[in-house]
Amino acid sequence: MQRLTAQLFAGLVAAVLSVLVVQCWADGGGPNLAERVIWAVNAGGESHVDVHGIHFKKDPLEGKVGKASDYGIRLPILRSSPEDQVLYQTERYNEDTFGYDIPIRDEGDYILVMKYAEVYFAQSQQKVFDVRLNGHVVVKDLDIFERVGHSTAHDEIVPFSIRRGKLSVQGEVSTFNGKLTVEFVKGYYDNPKVCALYVMKGTPEDVPKLQPHPGLEKHEEEDDDGEVGDDVSKKKLPPDSKPRVQSGPRTPNPYAADNSSLMFPILVAFGVFIPTLFCLCRL
C-alpha cells in the first residue's frame, strides 16, 4: 500500500512539474531569446551583443558583396535602446540584388527579423526595394521613410515554417534544401540595404518589441483602420492598397489670390471713360 501511494505521489509530482514546465515556456521562462536565435548578423558592422543577449556576428559579406556604411553612427535612432542603436546605425547596401545564406537543419516554426533605419534620405520614394525568402517575395515595396520616418528604428518580421523538406511562408510552399536565402532586391529607387537581421525559433509574439513612438503609433492606427479622407468624406481602401503619404506640405494654388478677373471690367470701364471725357472737353 505504501509502495502504491509512493508511486502515485511520484506520478503526481511529475505531472505537476510537467505542467509547470509548459507554463514556464509559455511565459517566456523556457529557453531564453538568445538561445532561440540560430543566426544573427550586424550588417555592415562589427559583432555586437544586444540587451536581450543576442550575439550579432560581424558581417560575413565584408569585402565580398556590396558596401558597408556607418553614415548613421552620428544620429540617435528613435525607438531603439541606447545600447543597441549601433544595430540601426550601420548597414550594408549594394547596387544590385544581394543577400545572405542561412543554414537551418531542424524543422519547426521560425521568425526572420530584419532591422532598418533610414539615415540618409529625408522623404519617401527615395529608397524602395523588395525582400525575398528562397524566391518568395515576403516584403513588397519597402520604403523605410514612408513607414517610420527619418533615423527611426523599424523591424520587418517574417514568420515561416520548415516541415518535411518544405518551406512555408505567407501561404506559399517550396522545397527546402537546408539553406535559407534572404535577398534584398534592387528596385527602381536607389539601392537595397539592411542594417541587421536574425533568425530565431518561435512565433511573432516572441520577438522583442521596439520602444513606443507616439506619432508613429497614431499613423499605424490610421493605417489599420484602412481609411483615408478629409472632413467631408472617408473612403475605404482596397485590402492591397496603401494610403497616400505626402512627403511635404501641399503646394499652394498659385491662382488662389489672383484678382485679375475682378480688375478687368474696371480697366475696360476706365479705358472707355477717358476718351469720352476728352471728347466732351473739346466740345
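**Exercise 1. The surroundings of Lys 193**

Which backbone oxygen does the side chain of Lys 193 reach? Place Lys 193 in the predicted model, and describe its surroundings.

*Solution.*

Step 1. The side chain of Lys 193 reaches the backbone oxygen of Ala 117 at 2.6 Å.

Step 2. Lys 193 belongs to strand S14, which covers residues 193-194.

Step 3. Buried means under 20% relative accessible area. Lys 193 has a relative accessible area of 1% and is therefore buried.

Step 4. A polar contact of 2.7 Å joins the side chain of Lys 193 to that of Glu 91.

Step 5. Apart from neighbours within four places in sequence, the residues in contact with Lys 193 include Glu 91, Tyr 116, Ala 117, Phe 129 and Phe 184. Three of these names, Tyr 116, Phe 129 and Phe 184, return in Exercise 4.

**Exercise 2. The sheet that contains strand S8**

Determine the order of the strands in the open sheet of four strands, and describe how S8 is placed in it.

*Solution.*

Step 1. The order is S6-S13-S8-S9, and the pairing is antiparallel.

Step 2. Identify the edges. Strand S6 (98-103) and S9 each have a single partner strand, so one side of each is left without a neighbour in the sheet. Direction ignored, neighbouring strands of this sheet are turned by 15° against each other on average.

Step 3. Examine the two partners of S8. With strand S13 (residues 179-189), S8 pairs in the antiparallel sense over five bridges; here Leu 133 has Val 182 as its bridge partner. With strand S9 (residues 136-142), S8 is joined by four bridges, again antiparallel. In this second pairing, Val 131 stands opposite Val 139, and Arg 132 has Val 137 as its bridge partner.

Step 4. Look at the turn. The hairpin of S8 and S9 has two residues between the strands, and Asn 134 takes a positive phi near 50°.

Step 5. Consider burial. Strand S8 spans residues 128-133, and five of its six residues are buried, so the strand is largely enclosed by the rest of the structure.

**Exercise 3. The sheet of eight strands**

What is the order of the strands in the open sheet of eight strands? Follow S11 through its pairings.

*Solution.*

Step 1. The order is S2-S3-S1-S15-S7-S10-S11-S12, with mixed pairing. The edge strands, S2 (48-49) and S12 (172-175), each pair on one side only.

Step 2. Find a parallel pair. Strand S1 (residues 37-42) and strand S3 (residues 55-58) run parallel and are joined by two bridges. Within this pair, Val 41 has Lys 57 as its bridge partner.

Step 3. Turn to S11 (residues 166-169). Strand S10 (residues 154-163) pairs with S11 in the antiparallel sense over three bridges, with Arg 163 opposite Lys 166. Their hairpin has two residues between the strands, and Arg 164 has a positive phi near 55°.

Step 4. On to S12: S11 and S12 pair in the antiparallel sense over four bridges, with Leu 167 opposite Ser 174. This hairpin also has two residues between its strands, and Gln 170 in the turn has a positive phi of about 50°.

Step 5. Compare the faces of S11. Leu 167 and Val 169 form the covered face, whereas Lys 166 and Ser 168 form the uncovered one.

**Exercise 4. Aromatic pairs**

How many aromatic pairs are counted? Classify two of them by their geometry.

*Solution.*

Step 1. The count comes to nine aromatic pairs.

Step 2. Take Tyr 100 and Phe 184. Their ring centres are 6.5 Å apart and their planes stand at 85°, so the pair is edge-to-face. Tyr 100 lies in strand S6 and Phe 184 in strand S13, 84 residues apart, and the pair links distant parts of the chain. Both rings belong to buried residues: the relative accessible area is 2% for Tyr 100 and 0% for Phe 184.

Step 3. Take Tyr 116 and Phe 129. This pair is tilted, with 5.9 Å from centre to centre and 55° between the planes. Tyr 116 is in strand S7 (residues 108-116) and Phe 129 in strand S8, so the pair ties together parts that are 13 residues apart in sequence. Tyr 116 is buried at 0% relative accessibility, and Phe 129 is buried at 1%.

Step 4. Look for a group. Trp 39, Phe 98, Tyr 100 and Phe 184 form one aromatic cluster.

Definitions and conventions. Residues are numbered from 1 along each chain as its sequence is written. This is a predicted model: local features need pLDDT of at least 70, side-chain atom pairs count only at pLDDT 80 or more; totals for chains, interfaces and linings use all residues. Side-chain values use heavy atoms; hydrogens and water are left out. Buried means under 20% relative accessible area, exposed over 50%, partly exposed in between (1.4 Å probe, protein chains only). Two strands pair if DSSP finds at least two bridges between them. Axes are lines fitted to C-alpha atoms, for helices over the stretch in contact, and angles run from 0 to 180 degrees between N-to-C directions. A polar contact is a pair of N or O atoms within 3.5 Å; within protein, one must be able to donate a hydrogen and the other to accept it, and residues adjacent in sequence count only if both atoms are side-chain atoms. Contact means heavy atoms within 4.5 Å. Rings of Phe, Tyr and Trp (its six-membered ring) pair if their centres lie within 6.5 Å; planes under 30 degrees apart count as stacked, over 60 as edge-to-face and the rest as tilted.
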